[in-house]
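Student: Please take a close look at one part with me, the largest pocket. I would like its lining, its contents and its surroundings described in order.

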Amino acid sequence: MTGLEVDIAGIRMRNPTMLASGILNETGRSMVDVAKAGAGAVVTKSVGLEPREGHPNPCIVELKCGLINAMGLPNPGIDAYLEEVAFAQNGGVPVIGSVFGGSEEEIAEVAKRMASAGVAAVELNLSCPHAEGLGAEIGSTPDRVKRICGAVKASVEVPVFAKLTPNTSSIVSLASAAEEGGADGVVAINTLRAMAICPELGRPILSNRFGGLSGEAVRAVGVRCVYEIFDTVTVPIIGVGGVTTSKDALEYIMAGATAVQMGTAVWSDGPGVFSDVCDGIGKFMNANGYESVEEMKGIAHR
Ligand code: DHB
């Protein structure tokens, strides 16, 4: 690999940036647009077996330092979503299918159907911080993470990435469990469980009361998690949480990430963030004598 190219579990990417799940990935068309804007890969919306309406408004609170959202995992169900996933392949970059479910069997089934649409990998959402019986509710114990990864590995041929929750005393244990279960990579971090209250109303703002905090506010937590996980697991790590600039991406890479995902920055700055971040990484490499992203990976551990 030279320049900005990276390889994650055999998936070649032209640069180390990916669109994170949950933003601009409702349709195949929007994922193609993001690929054209420069992302090295796109992750789909998280989908389950059956359609879900999601939570009523308000679902998003904008803060100075990020966003809190509780969409409620709205999605059309895997079968209806497959045509969007198939269309997304027209972007010419790897498409990674994000799935969720309430049990090992259900997640394995959704992953299998997702894989049938030709995705390069599946990403398991084991970390939505506020969905009853889903996400972090089943992804917070190492034993369960290991079993889920094992079940999905047995049902698909493509690489499996486990997206982990930071809302735990030890994300490293979750990452190790994912690796033991056969996961080909881990994604750290999903959002932090959070809430906002409106003093005038004297009530929580989100209809769901609790949501997931993303953006600038969580970057230092994400970088710390990637750094800790890198010390323990050997599978590749995808860093996510508050990446807006090339400096942010470099922090994650030097902590040990092979690639980074961006979500909240796309919400605030638009899809142009992918080429901005990549240009900045390229300039940094030229100025500092690095020939590949791989060469910078984990160097903060020296
Ligand atoms: C939702 C899902 C997530 O994984 C997350 O981090 C935040 C919100 C949601 O759909 O509500």
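Tutor: Residues are sorted into three classes here: Ala, Val, Leu, Ile, Met, Phe, Trp, Tyr, Cys and Pro count as nonpolar, Asp, Glu, Lys and Arg as charged, and the others, including Gly, as polar. By this sorting, the lining of the largest pocket holds 19 nonpolar, 17 polar and three charged residues. The model is predicted: local features need pLDDT of at least 70 and side-chain atom pairs pLDDT 80 or more, while totals for chains, interfaces and linings use all residues. Numbering runs from 1 along each chain as its sequence is written, and side-chain values use heavy atoms, without hydrogens or water.

A pocket is an open set of points on a 1 Å grid over the protein atoms alone, where a 1.4 Å probe fits and protein lies on both sides within 12 Å along at least five of seven lines; a lining residue has an atom within 4 Å of a point. The largest pocket has a volume of about 800 Å³ (the space filled by probe spheres set on the points, which are joined across faces, edges and corners). Its lining has 39 residues, with S21, G22, I23, N69 and T191 closest to the centre. Two or more lining residues come from each of β6 (66-69), β14 (211-214), β16 (259-262) and α9 (264-269). Such elements are DSSP runs numbered from the N terminus, helices (H or I) of at least four residues and strands (E) of at least two. The biggest share of this lining, three residues, comes from α9.

The ligand takes up the space of the largest pocket (a molecule sits in a pocket if more than half of its atoms lie within 2 Å of the grid points). Around the ligand are N69, A70, M71, G72, L73, N125, C128, P129, H130, N190 and T191, each with a heavy atom within 4 Å of it. This shell has five nonpolar and six polar residues, and no charged ones.

Some of these residues make polar contacts with the ligand, meaning pairs of N or O atoms within 3.5 Å. Polar backbone atoms of M71 and G72 each lie by a ligand oxygen, at 2.8 Å for M71 and 2.7 Å for G72. With T191 the partner is an N or O atom of the side chain, 2.6 Å from an oxygen of the ligand. The protein buries 89% of the 290 Å² that the ligand exposes when taken alone, as given by the Shrake-Rupley method with a 1.4 Å probe.

Two of the elements above also appear beside the second largest pocket, which holds about 170 Å³ of space. Of the 14 residues in its lining, C65, G66, E216, T264 and S268 are nearest the centre. Here β5 (60-63), β6 and α9 give two or more residues each, and α9 gives the most, with four. The lining has five nonpolar, six polar and three charged residues.

Last, a detail of the backbone. Most peptide bonds are trans. The bond from A188 to I189 is cis, with omega near 15°, and I189 lies in the loop between β10 (185-188) and β11 (192-194).

Technical notes:
Polar contact = N/O pair within 3.5 Å; in protein donor to acceptor, adjacent residues only side chain to side chain.
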